[in-house]
Amino acid sequence: KHTKYVSFSPSAAKVGKTSLIMSLVSEEFPDVVPYRAEEITIPADVTPERVPTHIVDYSGIPNKGASWCISSSYCLLITLLCGVDIFRVPLILVGNKSDLVEHSSMETILPIMNQYSEIETCVECSAKNLKNISELFYYAQKAVLHPTGPLYCPEKKDMKPLCVKALTRIFKVSDLDNDGNLNDNELNFFQRTCFNTPLEPQALEDVKNVVRKNLIDGVCDNGLTLKGFLFLHTLFIQRGRHETTWTVLRRFGYDDDLELNQDYLFPPLKIPPDCTTELNHNAYLFLQSVFDKHDKDRDCALSPEELRDLFDVFPYMPWGPDVNNTVCTNDQGWITYQGYLSQWTLTTYLDVQRCLEYFGYLGYSIIAEQESQAAGITVTRDKKIDLQKKQTQRSVFRCNVFGDIGSGKSGFLQAFLGRNLMVSRTKHQLKEHRSYYAINTTYVYGQEKYLLLHEVFPDFDYLSDSDLACDIVCLVYDVSNPYSFEYCAKVFKQYFMDSKTPCMMIAAKSDLPEVKQMYGCSPLEFCRRHKMPPPQSFTCNAASAPNRDIYTKLTTMAMYPHVSQADLKSSTFWLRASVGATVFAVLGFAMYRVLLKTR
């Protein structure tokens with residue numbers, strides 16, 4: 001919260017602006033009034049909102065972000081209001097020197113106040129007998145911190161569209177079971193989140209009764225509907241309790257313009273060089289709850305309608321059709337639970353700032369009761385330390401896939417998602433929806449890991465740092481094309497021969513007749529010379545789902561880059577690594593069935 005300013009306009013000479021300030025400070029009417037009072041600061045610890053406030057006797061230059069207290073004897077009112085529009089800040093109309101009159105002028109003033117939405121309130125006071133002096137400055141602070149203008153349209157007697165939009169998102173985030181109502185538990189959680197105190201059962205019932213009396217569909221199944229929720233906030237504002245609505249808005253990340261605050265969406269997160277970003281356990285639990293909330297038919301996949309509902313709290317649709325080619329989907333092409341978690345893992349790894357933003361829209365820090373979205377992110381240790389210690393705590397490994405045009409890279413990525421060549425061609429790989437990433441889980445020694453495949457565009461002369469930065473390199477060549485291997489050999493020699501990044505050669509399209517590669521040596525001999533594992537045969541042109549063993553091998557090499565070539569050639573080594581994959585695949589299916597029944 002930033003410092004706020006309260007300024008007094010030059011409504012007229014000798015209307016008591018300076019006397020008001022002097023009376024507030026000294027708590028007595030000054031015998032001698034200076035031409036202008038010095039700027040005064042009210043410390044944060046003595047104000048209700050804990051915000052420092054500067055009081056400025058008008059200097060002739062408007063202060064941006066100030067609340068203007070226009071002091072007058074009311075006879076100059078119309079003249080003053082002619083210039084109101086230029087300020088664009090909250091206004092308080094102050095009738096000073098009330099000790100000099102025997103009657104109140106509020107009845108005359110209120111219609112004019114209602115005519116100009118910039119005027120937050122009117123106050124009659126007296127600097128001489130200290131009438132309403134403290135109240136005046138309280139209202140001034142309130143006008144700045146909790147202005148009515150952004151929330152409410154007096155002419156229409158209703159909340160403004162931006163306010164309705166923000167409160168609708170807040171309602172949907174707070175509707176934890178997504179049934180369209182806030183039940184007592186959800187209302188209590190909301191109350192505790194925003195005001196640090198739960199509502200007593202009778203108080204909850206009283207609130208709902210107020211809504212019932214005014215709205216037919218404000219309460220449903222003993223829960224507060226969206227219409228009821230919006231009605232309550234309209235009522236708060238109309239009764240002058242707009243600080244209640246502002247407290248809710250700011251708790252959910254909104255600024256004075258009813259936009260989500262950048263500090264809320266992008267909390268600080270330090271990422272040292274050679275470190276990566278992953279979701280931690282609490283973040284995955286949160287994402288699971290979000291998935292469960294929107295998977296209404298309980299089929300462990302999100303239909304297009306369910307996905308739109310999930311992202312309804314976003315200002316835009318964050319996932320395009322390319323996501324369906326990046327993660328696992330069901331037979332209908334809908335993103336599965338595993339695919340959903342995989343896409344979040346991918347976003348966190350590649351663009352953690354975007355992940356923080358998305359978590360902000362979903363209300364992670366509020367629902368998970370964390371300080372910020374950054375609490376859901378794990379920053380891994382420097383990769384060099386992993387190499388020194390010969391072990392890693394990371395869960396996500398990146399494999400960059402190189403290969404000439406037509407070598408089978410795209411098929412290799414899609415096969416990782418369980419799609420054979422026929423499925424990829426018919427259902428998924430429309431050119432405009434093509435993805436150059438694929439991510440899925442693998443199991444190594446019984447540990448679940450994410451392997452992220454990235455297809456690198458085959459432009460040998462323009463490989464960027466991100467094209468080269470990875471945990472393992474996959475070099476793909478077409479066994480039926482005699483010129484396909486040469487590209488892989490050149491990439492390896494120029495970029496990876498002297499690096500510590502492990503590499504694996506993939507002999508793709510192994511279902512086709514193999515031809516001699518037009519290169520100085522065979523792929524097998526090339527791998528032997530450069531101490532690489534022998535080329536791994538691979539095809540996705542089969543009736544069944546492609547074999548996943550190759551992906552387990554890639555993940556294992558990424559996890560253990562220090563493993564010797566002798567171990568890599570040992571069938572026992574690969575058996576130990578992959579046996580966990582088979583066991584956990586069976587267990588995973590069983591757990592899937594159990595979770596489905598439970599949910």
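**Helices, strands and cores of a predicted chain**

Biologist: Which residues of helix 1 (residues 17-26) are buried?

Modeller: The model is predicted. Buried here means under 20% relative accessible area. In helix 1, that cut-off picks out K17, T18, S19, L20, I21 and S23.

Biologist: Which residue follows helix 1, and what is its phi?

Modeller: Helix 1 spans residues 17-26. The residue that follows is E27. Its phi is positive, near 60°.

Biologist: How many helices and strands does the chain have?

Modeller: The chain has 599 residues, and 50% of them are buried. Among contacts with a separation of 6 or more, 69% join residues 24 or more positions apart. The secondary structure comes to 24 helices and 21 strands.

Biologist: Is Q115 buried or exposed?

Modeller: Q115 sits in helix 3 (residues 106-115). Exposed requires over 50% relative accessible area. The value for Q115 is 53%, so Q115 is exposed.

Biologist: What distance separates the C-alpha atoms of Q115 and P154?

Modeller: Q115 belongs to helix 3. Along the chain, Q115 and P154 are 39 residues apart. Their C-alpha atoms are separated by 8.5 Å.

Biologist: Which side chain makes a polar contact with the side chain of H242?

Modeller: H242 is in helix 9 (residues 242-251). It counts as buried, at 9% relative accessibility. Beyond four places in sequence, it is in contact with E120, K142, H146, P147, T148, L151, F236 and I237. The polar contact, at 3.4 Å, is with T148.

Biologist: How far apart are the end C-alpha atoms of residues 282-317?

Modeller: An unreviewed UniProt entry annotates residues 282-317 as "domain: EF-hand". In the model the span is 56% helix and 6% strand. Its end C-alpha atoms lie apart by 24 Å.

Biologist: Which residues does H294 touch, leaving out those up to four places away in sequence?

Modeller: H294 is in helix 11 (residues 281-294). Its relative accessible area is 6%, so H294 is buried. Its contacts beyond four places are N178, L302, E306, D309 and L310.

Biologist: Which residues touch the most other members of the largest nonpolar core?

Modeller: This core has 69 residues. Take W344: beyond four places in sequence, W344 touches L279, L287, F311, W319, Y358, F359 and L362. Another core, of 29 residues, lies apart and has L413, V444, Y551 and Y560 among its members. In the largest core, the residues touching the most other members are Y340 and W344.

Biologist: Which are the edge strands in the open sheet of order 9-11-10?

Modeller: This open sheet has three strands with antiparallel pairing. An edge strand here pairs on one side only. That gives strand 9 (181-182) and strand 10 (219-220).

Biologist: Which residue of strand 11 stands opposite L182?

Modeller: Strand 9 and strand 11 (residues 223-225) pair in the antiparallel sense over two bridges. Opposite L182, in strand 11, stands L224.

Biologist: At what angle does helix 8 run to strand 11?

Modeller: Helix 8 covers residues 226-238. It lies across strand 9 and strand 11. Its angle to strand 11 is about 80°.

Biologist: Why does helix 17 count as largely enclosed, and how many of its residues are buried?

Modeller: Helix 17 covers residues 409-416. K409, S410, G411, F412, L413, Q414, A415 and F416 are buried. The helix is largely enclosed by the rest of the structure because the buried count is eight of the eight.

Biologist: What phi does G418 take after helix 17?

Modeller: Helix 17 runs over residues 409-416. G418 follows the helix, and its phi is positive, near 85°.

Biologist: How many residues of strand 18 (residues 447-455) are buried?

Modeller: Strand 18 pairs with strand 16 (residues 396-403) in the parallel sense over six bridges. It also pairs with strand 17 (residues 437-444), antiparallel, over eight bridges. Strand 18 is largely enclosed by the rest of the structure, because its buried residues number seven of the nine.

Biologist: Which residues of strand 18 are the bridge partners of C399 and I439?

Modeller: The partner of C399 is L453. I439 bridges to L452. In the order asked, the partners are L453 and L452.

Biologist: Which residue takes a positive phi in the hairpin of strand 17 and strand 18?

Modeller: The two strands pair in the antiparallel sense. Two residues lie between them in the hairpin. The positive phi, near 50°, belongs to Y445.

Conventions: Residues numbered from 1 in each chain as written. Predicted model: local features only at pLDDT ≥ 70, side-chain atom pairs only at ≥ 80, totals over all residues. Heavy atoms only, no water. UniProt positions renumbered as here; feature names shortened; annotations may be inferred. Helix = DSSP H or I, 4+ residues; strand = E, 2+ residues; numbered from the N terminus. Buried < 20%, exposed > 50% of the residue type's maximum accessible area, 1.4 Å probe, protein only. Polar contact = N/O pair within 3.5 Å; in protein donor to acceptor, adjacent residues only side chain to side chain. Contact = heavy atoms within 4.5 Å. Core = buried A, V, L, I, M, F, W, Y, C linked by side-chain atoms within 4.5 Å. Pairing = 2+ DSSP bridges. Axes fitted to C-alpha atoms, helices over the stretch in contact; angles between N-to-C directions.
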